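Visitor: I'd like to walk through this one with you, question by question. Can you put it up on the screen so we can get going?

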Amino acid sequence: MAFVTEKEKKKELKNKISNYMKLLFRRSVEEATPQQVFQAVSYAVKDDIIDRWIATHKEYEKKNVKTVYYLSMEFLMGRALGNNLINLTYYDAVKEALDELGFDLNLIEDQEPDAALGNGGLGRLAACFLDSLATLGY
């Protein structure tokens with residue numbers, strides 16, 4: 001993945017958000033509801049997550065690494081958009097892009113429903129543990 005400046009990242013995100021507004025809702029960002037902007041931002045972020053996921057799995061195949069799987073109904077980290085923006089280091093760029101488009105990132109993040117399932121006990125602990133391992137690059 002090539003290095004891009006914050007300005008380039010912001011411009012690319014604004015373009016992706018506008019394109020997803022067109023594709024998903026057939027309207028401009030200026031006509032969008034906060035829920036529609038949330039969806040467009042989520043799809044824009046998902047694009048980069050998928051690219052990184054594919055690259056990661058290619059490395060796994062190349063290096064023949066061991067994989068740990070964990071499956072639990074309680075394995076929920078809560079709302080994902082804000083966490084993904086922070087992990088991708090996109091938070092500031094998305095905040096600025098949305099400001100320029102006339103939206104508040106906090107309001108957009110509030111559009112994401114919380115699954116309200118789990119998020120407690122050992123499932124939550126395991127989710128935090130696995131998130132920490134991922135953050136540390138394990």
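Visitor: Are K16 and D48 buried or exposed?
Guide: Keep in mind that this is a predicted model. The cut-off for buried is under 20% relative accessible area. K16 falls in that class and so does D48, so the answer for the pair is buried.

Visitor: How far apart in sequence are the parts that K16 and D48 tie together?
Guide: K16 and D48 form a salt bridge, with the closest N and O atoms 3.0 Å apart. K16 sits in helix 1 and D48 in helix 2, so the pair ties together parts whose separation in sequence is 32 residues.

Visitor: Which residues of helix 2 does helix 1 meet?
Guide: On the helix 1 side, the residues involved are K16, I17, Y20, M21, L24 and F25. K16 also has its salt bridge to D48. Across from them in helix 2 are Q36, V37, Q39, A40, V41, Y43, A44, D47 and D48.

Visitor: At what angle do the axes of helix 1 and helix 2 cross?
Guide: Helix 1 covers residues 6-25, and helix 2 covers residues 34-63. Their crossing is right-handed. The axes come within 8 Å, and the crossing angle is roughly 115 degrees.

Visitor: What is the N to O distance in the salt bridge of E100 and K10?
Guide: This pair links distant parts of the chain, with E100 in helix 4 and K10 in helix 1, 90 residues apart. E100 is partly exposed at 48% relative accessible area, while K10 is buried at 15%. Their side chains meet with an N to O distance of 2.7 Å.

Visitor: How many residues apart in sequence are the parts tied together by E96 and K10?
Guide: E96 also forms a salt bridge with K10, the closest N and O atoms being 3.6 Å apart. E96 is partly exposed, with a relative accessible area of 40%. Since E96 lies in helix 4 (residues 91-101) and K10 in helix 1, the parts tied together are separated in sequence by 86 residues.

Visitor: Which residues are linked in a network of salt bridges?
Guide: K10 pairs with E96 and also with E100. The network takes in K14 too, giving the set K10, K14, E96 and E100.

Visitor: Is L23 buried or exposed?
Guide: L23 lies in helix 1. Exposed means over 50% relative accessible area. L23 comes out at 65%, so the label is exposed.

Visitor: What accessible area does the nonpolar patch of L23, L24 and Y43 have together?
Guide: L23 and its partners L24 and Y43 form this patch on the surface. L24 and Y43 also turn up among the residues where helix 1 meets helix 2. Together the three patch residues have an accessible area of about 270 Å².

Visitor: What share of the protein's exposed area do carbon and sulfur atoms supply?
Guide: Buried residues make up 25% of the 138 residues. The protein exposes about 9,600 Å², and the carbon and sulfur share is 57%.

Visitor: Which pattern does the protein follow along the sequence?
Guide: There are six helices and zero strands. Among contacts with a separation of 6 or more, 76% join residues 24 or more positions apart. Read along the sequence, the pattern is α-α-α-α-α-α.

Methods:
Residues are numbered from 1 along each chain as its sequence is written. This is a predicted model: local features need pLDDT of at least 70, side-chain atom pairs count only at pLDDT 80 or more; totals for chains, interfaces and linings use all residues. Side-chain values use heavy atoms; hydrogens and water are left out. Patches are made of residues with over 30% relative accessible area and no salt bridge: like charges are joined within 9 Å, nonpolar side chains (Val, Leu, Ile, Met, Phe, Trp, Tyr) within 5 Å. Accessible areas come from the Shrake-Rupley method with a 1.4 Å probe; for residues, only the protein chains shown count as cover. A salt bridge is a side-chain nitrogen of Lys or Arg within 4 Å of a carboxyl oxygen of Asp or Glu. Helices (H or I, at least four residues) and strands (E, at least two) are DSSP runs, numbered from the N terminus. Buried means under 20% relative accessible area, exposed over 50%, partly exposed in between (1.4 Å probe, protein chains only). Axes are lines fitted to C-alpha atoms, for helices over the stretch in contact, and angles run from 0 to 180 degrees between N-to-C directions. A crossing is left-handed if the near helix is turned anticlockwise from the far one by less than a right angle, and right-handed if clockwise. Contact means heavy atoms within 4.5 Å.
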